[in-house]
Amino acid sequence: MRLTAATLDAPNARELAAFYLRLLPGWQVWRGEDGPDWVHIRPPDGGTGLSFQTEPA
């Protein structure tokens, strides 16, 4: 089994992803099948990334 990402819930997924992108130089948003309430970022080497899901609660 290969872990591709850890997922974090947030009131605003895009805002939290932008925060992590500032902390992790070189990481980029992965343009996959993300919806409006979902963002996935990954390191330049393609390793395990982080996903963010909008969850109002």
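In what order do the elements of the protein chain run from the N terminus on? They run β-α-β-β-β, which gives 1 helix and 4 strands. Helices (H or I, at least four residues) and strands (E, at least two) are DSSP runs here, numbered from the N terminus.

Hi everyone, a word on the ground rules. This is a predicted model, where local features need pLDDT of at least 70, side-chain atom pairs count only at pLDDT 80 or more, and totals for chains, interfaces and linings use all residues. Residues are numbered from 1 along each chain as its sequence is written, and side-chain values use heavy atoms, with hydrogens and water left out.

Let's take the overall picture. The radius of gyration, taken over C-alpha atoms, is 11 Å for the protein chain, which agrees with the value near 10 Å for a compact globule of 57 residues. That globule rule is 2.2 Å times the number of residues to the power 0.38. Along the principal axes, the C-alpha atoms fill a box of roughly 30 × 30 × 15 Å.

Now the surface. The protein chain exposes about 4100 Å², with carbon and sulfur atoms supplying 54% of it; the areas come from the Shrake-Rupley method with a 1.4 Å probe, and for residues only the protein chains shown count as cover. Of the 57 residues, 21% are buried. For this talk, buried means under 20% relative accessible area, exposed means over 50%, and partly exposed is in between (1.4 Å probe, protein chains only).

For those of you who like electrostatics, there are 5 positive and 7 negative charges, and their mean positions are 9 Å apart. Lys and Arg count as positive and Asp and Glu as negative, while His and the chain ends are not counted. The place of a charge is NZ of Lys, CZ of Arg, CG of Asp or CD of Glu.

On to the sheet. As a reminder, strands of a sheet pair through backbone hydrogen bonds, either parallel or antiparallel. In what order do the 4 strands of the open sheet lie? The order is β1-β4-β3-β2, with mixed pairing. Two strands count as paired if DSSP finds at least two bridges between them. At the edges sit β1 (5–10) and β2 (28–29), each pairing on one side only.

Let me walk across the sheet. β1 and β4 pair in the parallel sense over 6 bridges, and one of the partnerships is alanine 6 with leucine 50 in β4. Next, β3 (residues 38–42) and β4 (residues 49–54) run antiparallel, joined by 4 bridges. Across that pair, histidine 40 stands opposite serine 51, isoleucine 41 opposite leucine 50, and tryptophan 38 has glutamine 53 as its bridge partner. The hairpin of β3 and β4 has 6 residues between the strands, and glycine 46 in the hairpin takes a positive phi near 80°. Finally, β2 and β3 pair in the antiparallel sense over 2 bridges, with glutamine 28 partnered by arginine 42 in β3.

Three residues are worth clicking on. Is serine 51, in strand β4, buried or exposed? Serine 51 counts as buried because its relative accessibility is 4%. Not counting residues up to four places away in sequence, serine 51 touches Ala5, Ala6, Thr7, Leu8, Trp38, Val39 and His40; contact means heavy atoms within 4.5 Å.

Next is valine 39, found in strand β3. Valine 39 is buried, at 3% relative accessibility. Its C-alpha atom is 6.8 Å from that of alanine 17, with the two residues 22 apart along the chain.

Tryptophan 38, also in strand β3, is partly exposed, with a relative accessible area of 26%. Leaving out residues up to four places away in sequence, tryptophan 38 touches Thr7, Arg14, Ser51, Phe52 and Gln53. Glutamine 28 is 10 residues from tryptophan 38 in sequence, and their C-alpha atoms are 14 Å apart in space.

One last number on contacts. Among those with a separation of 6 or more, residues 24 or more positions apart account for 47%. Thanks for listening!
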